[in-house]
Amino acid sequence: MNSPASPSLPVIRLKSDRTPGHPWVWSAQVHKPAERLPPGSVVEVLDAKDRFVGRAFWNGHARIALRLLTADADEAIDAGWIAARIARAVQLRRDWLALDQATDAWRVVHSEGDGLSGLIVDRYADILVIEYFAAGMWKFREAIHAALLQHFPGARLYWFAESHVQKQESFDCRAAEAPAPVEVHEHGLRFHAAPGLGHKTGFFADQRDNRARFAELARGRRVLDLCCNAGGFAVHALAGGASEATGVDMDAGILEVARANAVANGVDAKFEQADIFDWLRAAVARGEQYDAVVLDPAKLTRDRNRVVDALKKYFAMNRLALDVIPPGGLLLTCSCTGLVSEADFLEMLRRVALNAGREIQVLEARGAGPDHPVRSDVPEGRYLKAVFCRVW
């Protein structure tokens, strides 16, 4: 639509007269302003024909030069806008999804999925964990914190930004003091969460529905939880009627959390510290078989140039996992590497099956729970792939 530029906002012009098909606009797509603008400045965006495109966060130091926030010429980007977007996000979780009935650990704000580019907020009981990915959102931190406390009175706030993000986006986020660990609840089970203490939180809410689904399918089965982190899949499986469960992870600290989670829920899971490749080779040598296996490794890359390497590692992990799964067994294989598409992940599984001479029957391909909504024009928001398979 045509609209005069706001006299109070700097103007950034696009090189194209076509409306961007994505809220991220790269530095090569814009004319740099004559005067330097601080990272995170709110700007008016015009196309090459001087037509209004929207309002955005500007960052001349970052690869993402513009983060488009609104295409409404009458909408100002201010504390009121922040509060309205956060209210909309909370309403989705509480009124539509009724998450409070199932859990007190859920994603409150999912960046672009909730129209708040560069902001993620997770709830863990009375703790809100706020992660900043953009200088613009960091500038609005006081408004963000105030808006969150309106919906979660008395909540403890813990905020941070990863060092590589601060460097890329040119802002200095001094993290708050880490809060005391807290117990969270999911589908009637109890788990430990400890934001800021070295293991992310010790609990990943994005797999909540997949843990419950895995437990349904693993009933009566011998379970192997690879890259088990805090043992969520193993604990859910045993609580759901699995015959036994073993978890494997390299991190000794997180395995202590996993053992505590098993005790808290009255289940007898076994956890072992090992590299999963070494552990699986030894299990194959012993002739071990597990008829329900979950493979949920950490993110393998943030670099678009390393996606092929990541897929090779996924191939190697999954290929070795097949050797401990008998015919008719269950495999849940996951990827939280956002740069790896679902299509590429499924193609990797096709090649694994071909290499192993096995048949992989895909039952369903799921993602994160609905508290992680994905905008239709930001497919990157669907970072988690969770593929349930039967192996023959």
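**Helices H1 and H10 in a predicted model**

Student: Which elements are included in what covers the buried residues of H1?

Tutor: In this predicted model, H1 runs over residues 79-96, and its buried residues are Trp81, Ile82, Arg85, Ile86, Ala89, Val90 and Arg93. The cover over these buried residues includes two strands and two helices, namely strand E6 (64-70), strand E7 (105-110), helix H2 (135-139) and helix H3 (141-151).

Student: How many Å apart are the end C-alpha atoms of helix H1?

Tutor: Helix H1 has 18 residues, and at 1.5 Å a residue these should span 26 Å. The distance in the model agrees with that expectation, because the end C-alpha atoms of H1 lie apart by 25 Å.

Student: Which residue caps the N-terminal end of H1?

Tutor: The cap can be recognised from a side-chain oxygen that lies 3.1 Å from the backbone nitrogen of Gly80. The residue that supplies this oxygen, and so caps the N-terminal end of H1, is Asp78.

Student: Which residue just after H1 takes a positive phi?

Tutor: Having looked at the N-terminal end, we can turn to what follows the helix. Just after H1, a positive phi of about 50° is taken by Ala98.

Student: What arc around the axis do the buried residues of H10 cover?

Tutor: In H10, the buried residues are Phe345, Met348, Leu349, Val352 and Ala353. They lie on the same side of H10, because around the axis they cover an arc of only 140°.

Student: Which residues are exposed on the other side of H10?

Tutor: The buried residues of H10 pack against helix H9 (307-322), strand E17 (329-335), strand E18 (360-366) and strand E19 (385-391). A residue is called exposed when its relative accessible area is over 50%, and on the other side of H10 the exposed residues are Ala343 and Leu354.

Student: Which residue follows H10, and what is the value near its phi?

Tutor: Helix H10 covers residues 342-356 and reaches 21 Å from its first C-alpha to its last, close to the 21 Å expected. The residue that follows H10 is Gly357, whose phi is positive and near 65°.

Student: What radius of gyration does the chain have?

Tutor: The chain has 10 helices and 19 strands, and its C-alpha atoms fill a box of roughly 70 × 50 × 35 Å along the principal axes. With 392 residues, a compact globule would have a radius of gyration near 21 Å, and the value for the chain agrees with this, being 23 Å.

Terms used
Residues are numbered from 1 along each chain as its sequence is written. This is a predicted model: local features need pLDDT of at least 70, side-chain atom pairs count only at pLDDT 80 or more; totals for chains, interfaces and linings use all residues. Side-chain values use heavy atoms; hydrogens and water are left out. Helices (H or I, at least four residues) and strands (E, at least two) are DSSP runs, numbered from the N terminus. The expected span of a helix is 1.5 Å times one less than its number of residues. Buried means under 20% relative accessible area, exposed over 50%, partly exposed in between (1.4 Å probe, protein chains only). The arc is that of the directions from the helix axis to the C-beta atoms. Contact means heavy atoms within 4.5 Å. A polar contact is a pair of N or O atoms within 3.5 Å; within protein, one must be able to donate a hydrogen and the other to accept it, and residues adjacent in sequence count only if both atoms are side-chain atoms. The radius of gyration is taken over C-alpha atoms; the globule rule is 2.2 Å times the number of residues to the power 0.38.
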